[in-house]
Number of protein chains: 2
Amino acid sequence: MKRTTIKDVARELNVSISSVSRAFNDKYDIRKETRELILRTAEEMGYIPNPIAKKLGQSKTFNVGVVVPEFVNEFYAEVIIAIQEVFLSKGYQVLVMQSDENPDLELKNVKTLIHNMVDGLIIAPTTESNNMDYYLKQVKNDYPIVFMSRVEQSVPASKVLFNNQKWSFFATEHLISQGYKKIYHLAGHKNLCVSNERIKGFRKALNKHKIAKENYKIIETGLLAKEGIEVIEDLIYQHDLPDAFYCENDLVAMGAIKKLKDNGYRVPEDIAVIGFTETRMAELVTPQLSSVKQPTFEMGKSAAKLLIKQIENDSFEQETIVLNGELNIRKSSIRSEK
Amino acid sequence: MKRTTIKDVARELNVSISSVSRAFNDKYDIRKETRELILRTAEEMGYIPNPIAKKLGQSKTFNVGVVVPEFVNEFYAEVIIAIQEVFLSKGYQVLVMQSDENPDLELKNVKTLIHNMVDGLIIAPTTESNNMDYYLKQVKNDYPIVFMSRVEQSVPASKVLFNNQKWSFFATEHLISQGYKKIYHLAGHKNLCVSNERIKGFRKALNKHKIAKENYKIIETGLLAKEGIEVIEDLIYQHDLPDAFYCENDLVAMGAIKKLKDNGYRVPEDIAVIGFTETRMAELVTPQLSSVKQPTFEMGKSAAKLLIKQIENDSFEQETIVLNGELNIRKSSIRSEK
DNA sequence: TTGTAAGCGTTATCAT
DNA sequence: ATGATAACGCTTACAA
């Protein structure tokens, strides 16, 4: 199955390959009828310009790469859909690679994409790692990269972030305002900046409302339901349960709720729970789970637009977009009489 | 930032470009010291072979494409991870594109990947559509394609399928064996072969156990929680509730459970529910949801291996792998006294 | 063992 | 308006 090339078409019509090329690239002078004839014949012959050949010798590939830590959770999947939407409409192809929360695989993914000459990259790093050195070196060399989500404010590059601190503050304040006195935060990972930002927001709210030291705890838990379950198990064993849990994400929250319910605690009557990075499940579980919704769609769109701007305008101005979310209060964190 | 090319390295060392090329491609004769010198210098100069140039003029790109209907649900995300694992270990790069359940976008994705000269494709089509004609034309031309999941047994191509009929049969039989007399199946879509297979399995179990016509229903519902909710709403309104629901997937099941609970029905005491294509949530919700687990990991691995075989052995023998699953029985479908 | 040069499928520059 | 040809970066037959 040999591919039909520009030469085949040229030979067929007894024209030069340049004419065929011109027919396919409007920008050149070519007689209208010639062009139409060529286009028609090419169509019949099943000719398709070879993008690989096009890339070679041209600086631009119209491919962009997206590297995410994972897409088993809805969050990045939704972000990717938005990114794809923007790029497809601009004639770009989006190549997605996931790093399985592994910095080594992440670096490999990024290099693969760069070597394959994508015009730019959107990277959501897994965790703090020295990969950042490599990425920033590329940025310095004017390679278009937009970072997303799990990145420090201080990183000198274009990026789209969620205002974790602020919304963490709101989530916490909501619990306080509901009258919960003792609040534990099931946090993510120490080396995840989003987790740290959320801890800061948590602390800020506690300070503002003068919650005493003995009335809160920050427990490094993780990102998985299983980890939520284990922590609750532990706390139950130690007879150390608060009025409310503020969790790193919905998965941890649901793990926590499950374990609490299994042990006869009612949510929210006995103990309230709130999640973060809302998932579709939040509305489906019992009780419905309060959570902070991150604007996945907007995040993807913003990142894509930032990258396109860098790619097309050669504007290497570094821009940081910080997005806001929504605090969706549902049954799981609404105070009721015991 | 001009990229270092093979020429730069050759010039630097006063050797020919072929020598440099040879140094990077073990298979040719080259003196050991020369090779090492070249490799070292190339490294220092930051030279990286340009994969685009490599692809041009060579038949192989060491890229493969994966096209899935969506990856917002865990199912395909997990399958992709397995696929990536196999291919990465063999030195291939995996390019993922999602079709948003849209056959037109799907065709576009497939064409994009083919034109970009991926060595082969794994396709999980969205729904029955005439795209299949195009795909099968490629297959006939010995283009390596492996189909996955949502494909008819009869499709003349290599494919990896789940035995939907069989496991649907088991799920239904389980409900019957629990003593549920009246069972409704919230089915997927008419034009989804997996849904149809599941309906067949459902029917088979009913026949085997001689369930009378008035004691079952098949209701086309869809794939979303929202759709499960709506159907239940409707049935409640019509005072037409069965003993048990067997749902197209976990999302529909969870939607159903939510609506039932909201209306004061207890699951499983009043009405049992079982899902399909188990998600992580199944274990976290109350009651824990019974479901059929599809072997996502195995599915990805099998598809990847089949594709590699086609690519590397030029064995165009068409192979069909049918996978089995697990019926995970949990609280939501276990009979208890009313 | 190493070098030369053709070729992969395009685009773009320069003639015509 | 059209054609001839170099160039993109690499591999590979062939020559040395």
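Two residues are in contact if their C-beta atoms, placed from the backbone, lie within 7 Å. The exercises below concern a predicted model.

**Exercise 1. Describe the surroundings of Gln294(A), and decide whether this residue is buried or exposed.**

*Solution.*
Step 1. Locate the residue: Gln294(A) lies in the loop that joins strand S10 (291-293) to helix H12 (296-313) of chain A.
Step 2. List its contacts, setting aside neighbours within four places in sequence: these are Phe75(A), Phe162(A), Thr277(A), Met299(A) and Gly325(A).
Step 3. Apply the cut-off. A residue is buried if 20 or more other C-beta atoms lie within 10 Å of its own. Gln294(A) has 24 C-beta neighbours inside 10 Å and is therefore buried.
Step 4. Relate the residue to a distant point of the chain: from Gln294(A) to Ala23(A) there are 271 residues in sequence, and 47 Å in space from C-alpha to C-alpha.

**Exercise 2. Set out the domains of chain A and characterise the contact between domain 2 and domain 3.**

*Solution.*
Step 1. The domain assignment divides chain A into domain 1 (6-56), domain 2 (63-162 + 296-325) and domain 3 (164-293 + 328-333).
Step 2. Taken over C-alpha atoms, the centres of domain 2 and domain 3 of chain A are separated by 29 Å.
Step 3. To their contact, domain 2 of chain A contributes 10 residues and domain 3 of chain A contributes 12 residues.
Step 4. On the domain 2 side, the residues that touch domain 3 of chain A are three nonpolar, three polar and four charged.

**Exercise 3. Determine which elements and residues of the protein lie around each DNA strand.**

*Solution.*
Step 1. Begin with DNA strand C. There are 26 residues around this strand, and Ile6(A), Ser21(A), Asn50(A), Ser18(B) and Gly57(B) come nearest.
Step 2. Assign the elements for strand C. At least two residues each come from H2 and helix H4 (51-55) of chain A and from H2 of chain B; H2(A) gives the most, with four residues.
Step 3. Turn to DNA strand D. It has 27 residues around it, of which Ser18(A), Asp29(A), Gly57(A), Ile6(B) and Ser21(B) come nearest.
Step 4. Assign the elements for strand D. Helix H2 (17-24) of chain A, and helix H2 (17-24) and helix H4 (51-55) of chain B, supply at least two residues each. The largest share, five residues, belongs to H2(B).
Step 5. Set out the classes. The surface near DNA strand C has 10 nonpolar, 12 polar and four charged residues; the surface near DNA strand D has 10 nonpolar, 12 polar and five charged residues.

**Exercise 4. Establish how chain A and chain B are related, and describe their contact.**

*Solution.*
Step 1. Chain B is superposed on chain A by a rotation of 180° with 0.1 Å of shift along its axis, at an RMSD of 0.2 Å.
Step 2. The two copies are therefore related as by a two-fold rotation axis.
Step 3. Both copies use the same surface, since 97% of the contact residues of chain B recur in chain A.
Step 4. The contact takes 33 residues from chain A and 34 residues from chain B.
Step 5. On the chain B side, H4, helix H5 (74-89), strand S2 (93-98), helix H6 (103-115) and helix H11 (250-262) each supply at least two residues. By class, this side of chain B has 19 nonpolar, seven polar and eight charged residues.

Technical notes
Residues are numbered from 1 along each chain as its sequence is written. Chains are lettered from A and ligands numbered from 1 in the order in which they are written. This is a predicted model: local features need pLDDT of at least 70, side-chain atom pairs count only at pLDDT 80 or more; totals for chains, interfaces and linings use all residues. A residue is near a molecule or strand if its C-beta atom, placed from the backbone, lies within 6 Å of it. Ala, Val, Leu, Ile, Met, Phe, Trp, Tyr, Cys and Pro count as nonpolar, Asp, Glu, Lys and Arg as charged, and the others, Gly among them, as polar. Domain bounds come from an automatic or database domain assignment. A residue is buried if 20 or more other C-beta atoms lie within 10 Å of its own, exposed if 12 or fewer, and partly exposed in between; C-beta atoms are placed from the backbone. Copies are superposed by least squares on the C-alpha atoms of residues with pLDDT of at least 70 in both.
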